[in-house]
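Okay, thanks everyone, I'll keep this brief. Let me put the structure up and we'll walk through a few pieces of it.

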Amino acid sequence: MATQRLRVLSGIQPTAGSFHLGNYLGAVRQWVALQETHDAFYAVVDLHAITIPQDPEELRASTRLAAAQLLGTGLDPTRCTLFVQSHVPEHAQLAWVMNCLTGFGEAARMTQFKDKSAKQGTEGTTVGLFTYPVLQAADILIYNAHRVPVGEDQRQHIELTRDVGERFNARYGPTFTLPEPYILKEAAKIYDLQDPAIKMSKSASSPKGIVWLMDEPAKSAKKFRSAVTDTGTEIRFDRETKPGLSNLLTIYSALTGISVAELEEKFTGQLYGPLKTELAEVFTHWVAPFRARTQEYLDDPAELDRILAEGAEKARAHAAATLADAYEKVGFLPAAQA
């Protein structure tokens, strides 16, 4: 008898427009692999996006672009469930129940809230930003996900999810699967091309240090050729003393599957220039089919919307059943049938 697949859930915000190389190599590439081994649910989390002000038309366009890019990277709607978060209202409905089980102190201790609220100040910080980790918990619990692929910086959010899920189970009876963080050891950590001390990030990276996948390849190739390296000439991976060079070797290895050790041998005796030039060519060759596939979906919005509607229908079948169970256990009066 076939073993039932474990369920995995993850999401990405639609606020950045184009994905950058760090998004792909650090997270989305693993999503593609996980759809082959897990019962995979992936969401464009537009509800989370509005914790900061959004232009409505830009948000709609960015949501479609995010979905198109996920499909462009290789997500297959016949192998995974791909949907837009706001198309499944049960997320927000369960989040209210979980808000009522989450302590104020618990929410206040969330690292990302503390960091973002410190930057935005009291007047610029919304209640939505404060409670978004609870919505994130509802995103996960409503599908009874077993695993959530995250980086180490998101582990705290999974711990909160487990805490509120366990609290519900203890109070109302077994209901929710308590998820495990799925830390992908092989996921590449990509750094800014101009400041390799910081991760490549839409909020922290400089324009010349971040590689956007939907940019013209020639523009991205120029960024690789002008990437910061280090003093000296030896091509050797050393994160401490050669962070810029090590970042380029990591990217090259991640895009080609060639080990870093093999790359060190390949470029023995050469200066940094040939490595940068070759990496620019590798990236250009890799990104071209991704951009073409993404553009196909953007050029056919009806087909893209059909895929997302089908994904939302599949997601709601699971979410509605979980919410109905939770509502019944909490004691809500069931709605009478018309």
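So, α13: at 1.5 Å a residue, its 30 residues should span 44 Å, and the end C-alpha atoms sit 40 Å apart, which agrees. Bear in mind this is a predicted model. The helix does bend, by about 30° at R316. And just after α13 you get G331, with a positive phi of about 110°.

Which residues of α13 are buried? That's L304, I307, L308, G311, A312, A315, A319, T322, L323 and A326.

On the same helix there's a salt bridge between the side chains of E310 and R306, 3.4 Å from N to O. These two are four residues apart in α13, so about one helical turn separates them. As a reminder, an α-helix has 3.6 residues a turn, so residues three or four places apart point the same way. E310 has a relative accessible area of 38%, so we call it partly exposed, and R306, at 41%, is partly exposed too.

While we're on salt bridges: the structure has 16 of them. Shared partners link E36, D76 and R79 into one network. Within it, R79 pairs with D76, and their closest N and O atoms are 2.5 Å apart. R79 is at 44% relative accessibility, so again partly exposed. Then take D215 and K223: their closest N and O atoms are 4.0 Å apart. Buried or exposed, those two? Both are buried.

Next, α4, residues 90–99. Its buried residues are E90, H91, L94, A95, V97 and M98. Looking down the axis, they fall within an arc of 160°, so they line one face of the helix. What do they pack against? β3, α7, α8, and our friend α13.

Last topic, the cores. The largest nonpolar core has 56 residues, and the ones with the most contacts inside it are L21, Y42, L70, L213, F224, L255 and F283. Helix α12, residues 272–298, gives the largest share of that core, nine residues. If you want one residue to click on, try F224: setting aside neighbours within four places in sequence, its contacts include L21, L193, V211, L248 and I251, and also K276, L279, A280 and F283. There's a second, separate core of 39 residues, and among its members are A43, A95, V97 and I158. You've met A95 and V97 already, as buried residues of α4.

That's my tour, happy to take questions.

Methods:
Residues numbered from 1 in each chain as written. Predicted model: local features only at pLDDT ≥ 70, side-chain atom pairs only at ≥ 80, totals over all residues. Heavy atoms only, no water. Buried < 20%, exposed > 50% of the residue type's maximum accessible area, 1.4 Å probe, protein only. Arc of directions from axis to C-beta. Contact = heavy atoms within 4.5 Å. Core = buried A, V, L, I, M, F, W, Y, C linked by side-chain atoms within 4.5 Å. Expected span 1.5 Å × (residues − 1). Bend = angle between axes of the 7 residues up to and from the residue.
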